Structures are given as structure tokens and as C-alpha cells.
Amino acid sequence: MVISFDAIAYLFTPTTLGSFLPLDSLFSTQGIMVMLLAAYAGAMWMFLTSAPKVHTIMVSDLEIARDLYEGLLDLPAAEVPLHYYYNYEQTIGATGVDPLYLGSSPTYPSKMSNATEGLWYQLKKNTQLHVITGASLGSKSQQRHVCFDRDCLEMILLRVETRGLKFKIRNRKPLNFLVKDYDGRVVEMAEVAN
């Protein structure tokens, strides 16, 4: 099959090229809006899929929690994820917190006003731990750490076991275990069942 030069020239004339590539509709106002929306959707998809999974634990004392997570469990500090700056997950689950787990301090709402507050640790490659105040003391004035996510507590229990710390599992469902630190303080890790 032989294609003549005239046939190739005819294909690339402005009237014929326009039928293959609708440039007029692509660069119209509507076409530009569709391209911008597609670019925005692609950027949001990349942003949200690359965001780390964040587990939140409420503790009764932030400094004792720092001693536990940094000192005993040797968790590395993590950067605050970008989506927390935009309050994406700040209100998720906040209305469903049982008052039993809230501290008796009247300043509790101000402690939750900024989602970037608290302690941030790296649990796994794309998994972070956010430690915030808000849990009440347990029985016998035990430090209490409460969490709504079982996976988070299982990762912490695994870390406790590998570090050789003294612990006692009190209940499997919902997960509840005690950890003893080097100062003799008992920390209760409790899963809040929904």
C-alpha cells in the first residue's frame, strides 16, 4: 500500500485535523473547567492515598505517656500529617466519646481544639500514633490509655512484648492490658468497644 504525499497533506489540513482533535471544545471555557476539575481530582486522590493512617490514643497524663512511648517503647517521633492541618480527622469520633473516658478538667474542649497538639509517633512505615489528653484515671489511680482501634493496641502490645516489658492481658475482646514501667507505674491500655 502506497500513501501519496497528497493524502498525507490532506490529513494535516486544519479542517481535517480539527475533526480528529476537538481543539475548539478542549480550549473552550467548559473544556478548561473540565481539565481543571480532573487535575484537582487527581491531586486530591494522590494526597489522600499517600496520607498515613493515624491511630489516636487518649491518655490521662501526657508526660507519663511520653515516658512510655519514647522511653520504654522507643517509638520514633513523626511529623504531623498534612491532612491534620486542615482538620480532616479532628471531628471524627469526637462526638461519640463516652464521658466516662473524659477527664474531670473543665478545659477538655480547649485541649481538643487543635488537632496538631499532642504527641506524634511512627508505628509503621505509613502508620502513625497520635497521643492526646482526655482519658480519666483508671482504678487505683492507674494511668489510662484508651483507643477506639484494636489494630493500634495490638501494635503497641507487640512492641511491649518485643521490648521485654512486664505486662498482663486482662481481656482479649475488647483488648485490655496492663504495662508496668520502670518507675513501677501501671499503665492500662484499653480498647473502647463501639
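Let's start in helix α5, which covers residues 62–72. Glu-63 and Arg-66 both sit in this helix, 3 residues apart, or about one turn. Their side chains meet in a salt bridge, with N to O at 3.3 Å. Keep in mind that this is a predicted model. Side chains of opposite charge can pair when their charged atoms come close. As for how open the two partners are, Glu-63 is partly exposed, with a relative accessible area of 47%, and Arg-66 also counts as partly exposed, at 29%.

That pair is part of a longer story, since the structure holds 9 salt bridges. Let's look at another one, between the side chains of Arg-150 and Glu-191, where N and O are 3.1 Å apart. What does this pair tie together? Arg-150 belongs to helix α8 (residues 150–163) and Glu-191 to strand β7 (residues 186–191), so the bridge links parts that are 41 residues apart in sequence. Arg-150 is partly exposed, at 24% relative accessibility, while Glu-191 comes in at 15% and counts as buried.

Next up is Arg-185, which forms a salt bridge with Asp-181; their closest N and O atoms are 2.8 Å apart. Arg-185 is partly exposed, with a relative accessible area of 26%. Asp-181, on the other hand, counts as buried because its relative accessibility is 10%, and the cut-off for buried is under 20%. Now back to where we began: salt bridges that share partners join Glu-63, Arg-66 and Glu-70 into one network.

Not every polar link here is a salt bridge, so take a look at Gln-143. You'll find Gln-143 in strand β4, which runs over residues 143–147. Is Gln-143 buried or exposed? With 11% relative accessibility, Gln-143 counts as buried. The side chain of Gln-143 makes a polar contact with the side chain of Ser-60, at 2.9 Å. Leaving aside residues up to four places away in sequence, Gln-143 touches Ser-60, Asp-61, Ile-64 and Leu-137, along with Val-186, Val-187 and Glu-188. Strand β7, met earlier with Glu-191, covers residues 186–191.

Finally, let's move to the surface. Which residues make the nonpolar patch of about 490 Å²? They are Phe-27, Ile-32, Met-33, Met-35 and Leu-36. Leu-36 has its place in helix α4, residues 29–50. Leu-36 is exposed, with a relative accessible area of 51%, and the cut-off for exposed is over 50%.

Technical notes: Residues numbered from 1 in each chain as written. Predicted model: local features only at pLDDT ≥ 70, side-chain atom pairs only at ≥ 80, totals over all residues. Heavy atoms only, no water. Patch = residues over 30% accessible without salt bridge, like charges linked within 9 Å, V, L, I, M, F, W, Y side chains within 5 Å. Areas by Shrake-Rupley, 256 points an atom, 1.4 Å probe, with all protein chains shown as cover. Salt bridge = Lys/Arg side-chain N within 4 Å of Asp/Glu carboxyl O. Helix = DSSP H or I, 4+ residues; strand = E, 2+ residues; numbered from the N terminus. Buried < 20%, exposed > 50% of the residue type's maximum accessible area, 1.4 Å probe, protein only. Polar contact = N/O pair within 3.5 Å; in protein donor to acceptor, adjacent residues only side chain to side chain. Contact = heavy atoms within 4.5 Å.
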